[in-house]
Amino acid sequence: MYFFTLAVTNFTMQYLHNIGAYFLMIAEMFRKPTKWSVMRTLILKDVDDLIIGSLGIVAFISFFVGGVVTIQTALNISNPLIPKYLIGFATRQSIVLEFAPTFISIIMAGKVGSFITSSIGTMRVTEQIDALEVMGVNALNYLVFPKFIALMLYPFVISIAMFLGILGGLIAVKFGGFGTVEDYILGIQTDFTPFHITYAFIKTFVFAFILATIPSFYGFYMKGGALEVGKASTTSFVWTSVVIILLNYILTQLLLS
Amino acid sequence: MIDVKNIQKSFGDAHILKGISTTFEKGKTSLVIGQSGSGKTVFLKCLLGLFSPEQGSISYDGKIYSELTDAQKRNLRSEIGMVFQGSALFDSMTIMENVMFPLRLFTKQNKSEMEDRADFVLKRVNLEDAHHKMPSEASGGMQKRVAIARAIVNNPKYLFCDEPNSGLDPKTAIVIDNLIQEITDEYNITTVINSHDMNSVMEIGEKIVFLKDGLKAWEGSKETIFKTDNEVVTNFVYSSNLFKKVRKMYLNENE
Ligand SMILES: Nc1ncnc2c1ncn2[C@@H]1O[C@H](COP(=O)(O)OP(=O)(O)OP(=O)(O)O)[C@@H](O)[C@H]1O
Ligand SMILES: [Mg+2]
């Protein structure tokens, strides 16, 4: 019993310590800004790596998952009393509310998150972060801030995901013979609640912040060598996803109910 | 001049530096030597302020580092050049961009002025046609030379090198040693080099500090290191047969 309590205490302390360190990191990230001419290059590079570089995979996944959502909905609405436009309506709701903001963010935690952790982690183990600090650079500002700014364009990615998801549904309806295109288009216009878009983009912004900072945290504070960089990327993916899922729950409770 | 007073540093229970005092003079190349794991890198990182020692003080030309304000520290850092043990080049930048980086941070020069300066130092380290390569495309020796170029590009007053010639062939190693010494003389820099290479010691050790078990075991110069009777030093220096012979000859010559 004693050892059990001790283990639990240690475990909890470790998490509390990490959470504290994470918030300190965020505060530090905004301090001692790097010279603008240098920062500008970094931001452009991160926009390229994190945003432009993700468009392909996001487009591909959104389009096909959109199609699948539509097919599933169509197959489940077999009752002739239910109007066909509900297929479009249900597709729109699932894509705008959950699929695009949340599901795509989990994909991004894998793609962008592990890229961030491994690139910052490699800089840590090869002493590049020390080299920055010797030059008087605030390494957290230099490394994390541009990613944070670049990911402010993340809602743009999610808009594309929403659009392509709904488009994928349309194509599936048309070519799968699940209904008419007119019904589908009527469906995606039915009962439109502007606040749902607001809700989706609030989530998107929050997730963008998480995607920029949690992977950076695991990269920046890692210790060890190349092997640990790999482990840190895995841990970072796990925690980024867990936090996204939890915040998704909390934000949905707060904003929609 | 850098004055180190009784610095101590531990990681958890491991006491790595147990109170080291010494001075490094301006215009001289000073060597810190010792076995692998003796704490040379930790010592250098304490000098640079990357680690903060629990005890003791480090002063740069009379100003105690830990008492400086942030702005003063930043100012001091613009006068420091550092060559890391693994070169630590920024792998997302070309060699040219790496060398220009300190200029972009610390000066108001325009692009062509920076390029001219970077060209000049790259020539200085005998790298003329690698400007647009990425660090990963350069050999280890080239990376070391780029790291040296980056460290000296902004005319530092203090230069630190952590094993600048480890992993290099003997010829390139000597070229690099001589280069560091020339630069030190030419610009009157305070230079501190970590090494466990006896060739470097013989070439450029104007001052030598020997670390063992977290303490300064001996201090001298390349002239005195061959004559000393200090056993820990002789065990280290003459661990190879070649140096045992060199010592014998040296002592015979000077009798
Ligand atoms: N960040 C750190 N955390 C914990 N221990 C460390 C850290 N850095 C160094 N050490 C320990 O300090 C000791 C001295 O390491 P250091 O890197 O200074 O050796 P060194 O003399 O530079 O060796 P080498 O010649 O191989 O480079 C080692 O035992 C090492 O494990
Ligand atoms: Mg070392």
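Visitor: Which residue of chain B forms a salt bridge with A:Asp130, and how far apart are the closest N and O atoms?

Guide: Side chains of opposite charge can pair when their charged atoms come close. In this case the partner of A:Asp130 is B:Lys45, and their closest N and O atoms lie 3.0 Å apart. The criterion for a salt bridge is a side-chain nitrogen of Lys or Arg within 4 Å of a carboxyl oxygen of Asp or Glu. The model is predicted, and therefore local features need pLDDT of at least 70 and side-chain atom pairs count only at pLDDT 80 or more, while totals for chains, interfaces and linings use all residues; side-chain values use heavy atoms, with hydrogens and water left out. Residues are numbered from 1 along each chain as its sequence is written, and chains are lettered from A and ligands numbered from 1 in the order in which they are written.

Visitor: How many salt bridges are there between chain B and chain A, and how many over all chains?

Guide: Three salt bridges are counted between chain B and chain A, and a search of the whole structure gives 19 over all chains.

Visitor: How should one express the size of the contact, and what is the area buried between chain B and chain A?

Guide: The size of an interface is often given as the accessible area lost when the parts come together. Buried area here is the accessible area (1.4 Å probe) that two parts lose on being put together, summed over both. Contact, in turn, means heavy atoms within 4.5 Å. By that criterion, 24 residues of chain B and 21 residues of chain A take part. About 1800 Å² is buried between the two chains, with carbon and sulfur atoms giving 60% of that area. On the side of chain B, the residues that lose the most area to chain A are B:Phe90, B:Arg104 and B:Leu105, which together account for 28% of what that side buries.

Visitor: How many residue pairs are in polar contact between chain B and chain A, and which elements of chain B give two or more residues to the side that touches chain A?

Guide: A polar contact is a pair of N or O atoms within 3.5 Å; within protein, one must be able to donate a hydrogen and the other to accept it, and residues adjacent in sequence count only if both atoms are side-chain atoms. Helices (H or I, at least four residues) and strands (E, at least two) are DSSP runs, numbered from the N terminus. Between chain B and chain A, nine residue pairs are in polar contact, both residues being at pLDDT 80 or more. The elements that give two or more residues to the side of chain B touching chain A are α1 (40–48), α2 (70–77), β6 (80–83) and α3 (95–106) of chain B. Of these, α3(B) provides the largest share, five residues. By residue class, that side of chain B holds 13 nonpolar, four polar and seven charged residues. Ala, Val, Leu, Ile, Met, Phe, Trp, Tyr, Cys and Pro count as nonpolar, Asp, Glu, Lys and Arg as charged, and the others, Gly among them, as polar.

Visitor: Which residues coordinate the magnesium ion (ligand 2)?

Guide: Donors are N, O and S atoms within 2.8 Å of the metal (3.2 Å for Na, K and Ca); water is not among the atoms, so sites may look incomplete. The magnesium ion is coordinated by OG1 of B:Thr41 and OE1 of B:Gln85, at 1.9 to 2.4 Å. B:Thr41 belongs to helix α1 of chain B and B:Gln85 to the loop between β6 and α3 of chain B, so the pair ties together parts that are 44 residues apart in sequence. Relative accessible area is read as buried under 20%, exposed over 50% and partly exposed in between (1.4 Å probe, protein chains only). B:Thr41 is partly exposed at 22%, and B:Gln85 is partly exposed at 31%.

Visitor: Where in chain B do B:Lys9 and B:Glu54 lie?

Guide: These two residues form a salt bridge with closest N and O atoms 3.7 Å apart. B:Lys9 is in strand β1 (residues 2–11) and B:Glu54 in the loop between α1 and β4 (55–60) of chain B, so that distant parts of the chain, 45 residues apart, are linked. B:Lys9 is buried, with a relative accessible area of 10%, whereas B:Glu54 is partly exposed at 44%.

Visitor: How far apart in sequence are B:Glu115 and B:Lys111?

Guide: B:Glu115 and B:Lys111 form a salt bridge, the closest N and O atoms being 3.5 Å apart. They are four residues apart in helix α4 (residues 111–124) of chain B, and therefore separated by about one helical turn. B:Glu115 is partly exposed at 29%, while B:Lys111 is exposed at 58%. Elsewhere, salt bridges with shared partners join A:Arg124, A:Glu127, A:Asp130 and B:Lys45 into one network.
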